[in-house]
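Got your viewer open? Load the model below, and we'll walk through it one selection at a time.

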Amino acid sequence: MADPRPRRPARPREEVYATARAAIAEHGLAKLTMAGLGKQLQMSAGHLLYYFGSKDQLLLETLRWSEDQLGARRREALADPALDPWQRLDAYLRLYLAEGPGDPRWILWVEVWGRSPASAELRQGQQEIEVPWQADLVALIEQGTSTGHFTPGPAADRAGQLRALLDGLAVPIAIGLPGAHHAAALTQATAVATILLRA
């Protein structure tokens, strides 16, 4: 006899990622259960585990999805012919920094960094996700140098320094430390970038 209950179609991965990102940002990965996430999505925990294997894998794939979305905006800004290299750098800095306390994208990063020392898979995934940010900043610095907007110097080193600064400024904003704000962090990042790159 056929099962009379209608079967729910599988949720699109985009919906799974968006729901997971919101849940992780609100409660942290430690409090997220596959059963709880499945309930929000009207899916079984077993179904989620079938696709993601573990909470760590779900975290990594959700971060990858989140960064892919922002990556499209970054590439568009950096390719805008109406912007000079300093304006493109400003757009890069604005996109990189956390927007405010609880920024879902940055909470995902904090979770990944906290768990990656014990997981080679997370470390590898983290490196893969970071590569486009570094590559785009290196290319921007090289372009700015070639047009005379930036001083000559090792682009990869300067990009690494700027990204380390941005990470250090973004985390306090994301976790809501007093006095940490997007606008102030942007001012600080711009000042340091000017020292590193000013022609």
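**Stop 1: Serine 116**

Start by selecting serine 116, keeping in mind that this is a predicted model. With a relative accessible area of 7%, serine 116 counts as buried, because the cut-off for that word is under 20%. Follow the backbone and you'll see that serine 116 sits in the loop between H6 and H7.

Which residues does serine 116 touch, not counting residues up to four places away in sequence? Show Leu122, Arg123 and Gln126 and you have them. Now look at the side chain of glutamine 126: a polar contact of 3.5 Å links it to the side chain of serine 116.

**Stop 2: The whole chain**

Zoom out and switch to a cartoon view. How many helices and how many strands are there in the protein? You should count 9 helices and 0 strands, so reading from the N terminus on gives α-α-α-α-α-α-α-α-α. The C-alpha trace spans about 75 × 35 × 30 Å along its principal axes.

Try colouring by burial next: of the 199 residues in the protein, 42% are buried. Then think about who touches whom. Among contacts with a separation of 6 or more, 69% are between residues 24 or more positions apart.

**Stop 3: Helix H6**

Select H6, the helix just before the loop you started in. Put a distance between its end C-alpha atoms and you get 17 Å; its 12 residues, at 1.5 Å each, should span 16 Å, which agrees.

Have a look at how H6 begins. A side-chain oxygen of aspartate 103 comes to within 3.0 Å of the backbone nitrogen of arginine 105.

Now show the side chains of Arg105, Trp106, Ile107, Leu108, Trp109, Glu111 and Val112, which are the buried residues of H6. Their cover includes helix H1 (13–27), H4, H5, H7 and H8. While you're looking at side chains, here's a handy rule: an α-helix has 3.6 residues a turn, so residues three or four places apart point the same way.

Stay in H6 and pick isoleucine 107. Is it buried or exposed? Isoleucine 107 is buried, with a relative accessible area of 12%. Leaving aside neighbours within four places in sequence, isoleucine 107 is in contact with Ile24, Ala25, Gly102 and Ala174. Add glycine 28 to your selection too: it is 79 residues from isoleucine 107 along the chain, yet their C-alpha atoms are separated by 7.9 Å.

**Stop 4: The cavity**

Time to look for empty space. Rolling a probe the size of a water molecule over the atoms shows where empty space is left. Here, the count comes to 1 cavity of 30 Å³ or more, and about 70 Å³ of space lies in the largest cavity.

What lines the largest cavity? Select Glu67, Tyr96, Arg105, Trp106, Trp109, Trp113, Glu130, Trp133, Arg163 and Asp167. The elements that give two or more residues to this lining are H6, H7 and H8, and the largest share, 4 residues, comes from H6. Colour the lining by class and you'll find 5 nonpolar residues, 5 charged ones and no polar ones.

**Stop 5: Helix H5**

Next, select helix H5, residues 85–96. Its 12 residues should span 16 Å at 1.5 Å each, and its end C-alpha atoms are 16 Å apart, which agrees.

At the start of H5, find aspartate 84: one of its side-chain oxygens reaches to within 2.9 Å of the backbone nitrogen of tryptophan 86.

Why is H5 largely enclosed by the rest of the structure? Because 9 of its 12 residues are buried. To see them, show Pro85, Trp86, Arg88, Leu89, Ala91, Tyr92, Leu93, Leu95 and Tyr96. Among the helices covering these residues are H4 (55–78), H6 (104–115), H7 (120–146), H8 (155–174) and H9 (182–197).

**Stop 6: A pocket to finish**

Last selection: Leu70, Arg73, Glu99, Asp103 and Arg105. Of the 13 residues lining the second largest pocket, these lie nearest its centre. The elements giving two or more residues to its lining are H4, H5 and H6, with the largest share, 4 residues, from H4. The lining divides into 4 nonpolar, 3 polar and 6 charged residues, and about 230 Å³ of space lies in the pocket.

Technical notes. Residues numbered from 1 in each chain as written. Predicted model: local features only at pLDDT ≥ 70, side-chain atom pairs only at ≥ 80, totals over all residues. Heavy atoms only, no water. Expected span 1.5 Å × (residues − 1). Buried < 20%, exposed > 50% of the residue type's maximum accessible area, 1.4 Å probe, protein only. Contact = heavy atoms within 4.5 Å. Polar contact = N/O pair within 3.5 Å; in protein donor to acceptor, adjacent residues only side chain to side chain. 1 Å grid on protein atoms, 1.4 Å probe; cavity = no way out; pocket = protein on both sides within 12 Å on 5 of 7 lines; lining within 4 Å. Points joined across faces, edges and corners; volume = space filled by probe spheres on them. Nonpolar A, V, L, I, M, F, W, Y, C, P; charged D, E, K, R; others polar.
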